[in-house]
Amino acid sequence: MLPTEKQYVQWFENETLRHRHARWLSQSNQVPPARIVSVDDKTTADEAYRLACAGTSMLWYGDFQNARQLLQALTRRIERSEQRKISKAANKNKSAEPTAESLVLPEVLSKRIPNLFHQQRQAQAQRSRILSRLLLELDAGYVSQLRRAPDVSAACTAAFGELDESCLLSFRDLQGVLGAAGWRAKGVPIESLGLSVFPHYGVFAPTRHEYVQLLLDAPLPDACDVAFDIGTGTGLLAIILAQRGVQQVVATDLNPRALACASENFARLELDAVQLQQADLFPTDAPLANLIVCNPPWLPAKPTSPLEYAVYDANSAMLRGFLQGAKPHLAEQGEVWLILSDLAEHLQLRSRDELLGWFADAGLEVKYRLDTQPKHGRSQDTTDPLFAARSAEITSLWCLVPFDN
Ligand SMILES: C[S@@+](CC[C@H](N)C(=O)[O-])C[C@H]1O[C@@H](n2cnc3c(N)ncnc32)[C@H](O)[C@@H]1O
């Protein structure tokens with residue numbers, strides 16, 4: 001899906017002495033670059049790093065595979081620069097160094113964790129800005145003229161839609177597109193269900209899916225003919241409900257990519273019982289639900305690109321909107337299953353009391369809670385400054401019912 005507003009980028013081509021222009025594609029919503037210089041295999045990594053840090057974008061004319069190596073070299077330079085900053089800060093104030101050990105101390109944790117989280121996001125944003133300055137041009141139909149370029153046409157068409165004009169995009173975005181095409185082709189295996197879901201570009205890929213077991217373990221309400229899956233993504237939760245025998249499942253999402261993706265996953269599994277609606281939270285024209293499930297974005301922070309909307313939820317707007325709106329959609333004896341990681345609590349971006357307060361404000365109380373711990377690599381990475389928070393993370397299924405149930 002191409003951005004609705006067309007943006008163009010202009011540059012002067014050193015080799016041909018021509019002014020050029022092309023459609024600008026940026027999935028992280030970056031504005032078209034103002035300054036572009038031509039670079040190729042003769043450009044050194046140090047030169048490229050200097051240019052990128054100075055805000056200059058570089059259009060690659062060299063060998064495609066060499067550009068990948070240049071990106072790796074740039075990444076190493078960014079990491080070294082980040083490391084130097086950490087060491088400098090540590091030298092200034094030894095106790096400020098964010099080591100895994102120091103973060104285990106509760107008093108250190110309480111002061112520094114939220115800052116560390118925001119610093120880490122800023123560093124990631126800076127890294128992304130620098131790496132996104134290496135660009136390539138694709139002809140109409142996403143054809144690259146670079147030496148040793150793979151065929152990226154199908155992957156780009158799947159991600160952005162048909163394009164009948166030339167475009168400029170960052171190598172980094174292209175790598176994201178190619179990675180997504182790989183997931184879409186091979187699927188994410190969900191072992192406990194004995195099936196795979198096939199995520200599309202820009203749709204939350206459930207590569208960490210410990211929470212699936214929670215949905216399999218939770219007892220369905222006595223009568224469970226109608227269920228909603230709010231924010232369905234690939235359709236994974238709706239699939240579980242349909243497989244558990246719920247007659248009618250209505251799945252919603254705001255993201256049109258998610259709807260296309262879920263629809264394809266339902267069709268593959270021949271799940272006729274699931275209906276899809278593009279909606280902000282709850283479906284319209286649907287019967288009252290015996291069960292409403294939701295696995296919302298779990299970190300209350302501002303998404304900085306469309307790809308982050310599945311993870312970050314500014315001011316917990318979706319979570320609070322979901323809780324506030326759930327009760328009027330419930331049938332008698334109905335239940336809400338909220339899947340939520342407590343990472344935000346460990347990062348001190350939200351407190352447990354705040355969450356319980358939102359349940360109460362929505363007229364909901366906790367019937368029971370099932371917990372699971374993360375098994376993914378990041379939760380075991382002791383070099384991560386947020387290791388203490390990540391390793392303590394628990395994901396819960398909160399079964400909520402109206403007060404008067
Ligand atoms: C963490 S992902 C969960 C996806 C899927 N349910 C799963 O468990 O794999 C959150 C999903 O909520 C969707 N979403 C975010 N805000 C929404 C809203 N206001 N209404 C509907 N869906 C929303 C996102 O597009 C994303 O697909």
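**A walk through a two-domain model**

Let's start with one residue: glutamine 278 sits in strand 11, which covers residues 274-278. Keep in mind as you look around that this is a predicted model. Which residues does glutamine 278 touch, once we skip those up to four places away in sequence? They are Asp253, Leu254, Pro256 and Leu259. With Leu254 we can go down to the atoms: a polar atom of the glutamine 278 side chain lies 2.9 Å from the backbone oxygen of leucine 254. Now look at threonine 252. Along the chain, threonine 252 and glutamine 278 are 26 residues apart, yet 5.5 Å separates their C-alpha atoms.

From here, move on to the ligand. It has 17 residues around it, and the closest are Gly231, Asp253, Asp280, Leu281 and Asn295. You've met Asp253 already, as one of the residues that glutamine 278 touches. Where do the ligand's nitrogen atoms come in? For aspartate 280, an N or O atom of the side chain is 2.8 Å from a nitrogen atom of the ligand. With leucine 281 the partner is a polar backbone atom, 2.9 Å from a ligand nitrogen. Alanine 279 also offers a polar backbone atom, this one 3.5 Å from a nitrogen of the ligand.

Time to zoom out. The domain assignment splits the protein into domain 1 (8-181) and domain 2 (189-402). Their C-alpha centres are 31 Å apart, and 22 residues of domain 1 are in contact with 25 residues of domain 2. Between them the two domains bury about 1,800 Å², with 59% of that on carbon and sulfur atoms. Which residues of domain 1 lose the most area to domain 2? That would be Gln27, Phe117 and Arg121, together accounting for 33% of what that side buries.

Arg121 is worth a second look. Arginine 121 forms a salt bridge with glutamate 308, and their closest N and O atoms are 2.7 Å apart. The rule finds one salt bridge across the interface of the two domains, along with four residue pairs in polar contact.

So what builds domain 1's side of this interface? The elements giving two or more residues are helix 3 (100-104), helix 4 (106-131), helix 5 (153-160) and helix 6 (171-186). Helix 4 supplies the largest share, ten residues. Sorted by class, the side of domain 1 that touches domain 2 has 13 nonpolar residues, eight polar ones and one charged one.

Conventions:
Residues numbered from 1 in each chain as written. Predicted model: local features only at pLDDT ≥ 70, side-chain atom pairs only at ≥ 80, totals over all residues. Heavy atoms only, no water. Domains from an automatic or database assignment. Contact = heavy atoms within 4.5 Å. Buried area = accessible area lost by both parts, 1.4 Å probe. Salt bridge = Lys/Arg side-chain N within 4 Å of Asp/Glu carboxyl O. Polar contact = N/O pair within 3.5 Å; in protein donor to acceptor, adjacent residues only side chain to side chain. Helix = DSSP H or I, 4+ residues; strand = E, 2+ residues; numbered from the N terminus. Nonpolar A, V, L, I, M, F, W, Y, C, P; charged D, E, K, R; others polar. Near = heavy atom within 4 Å.
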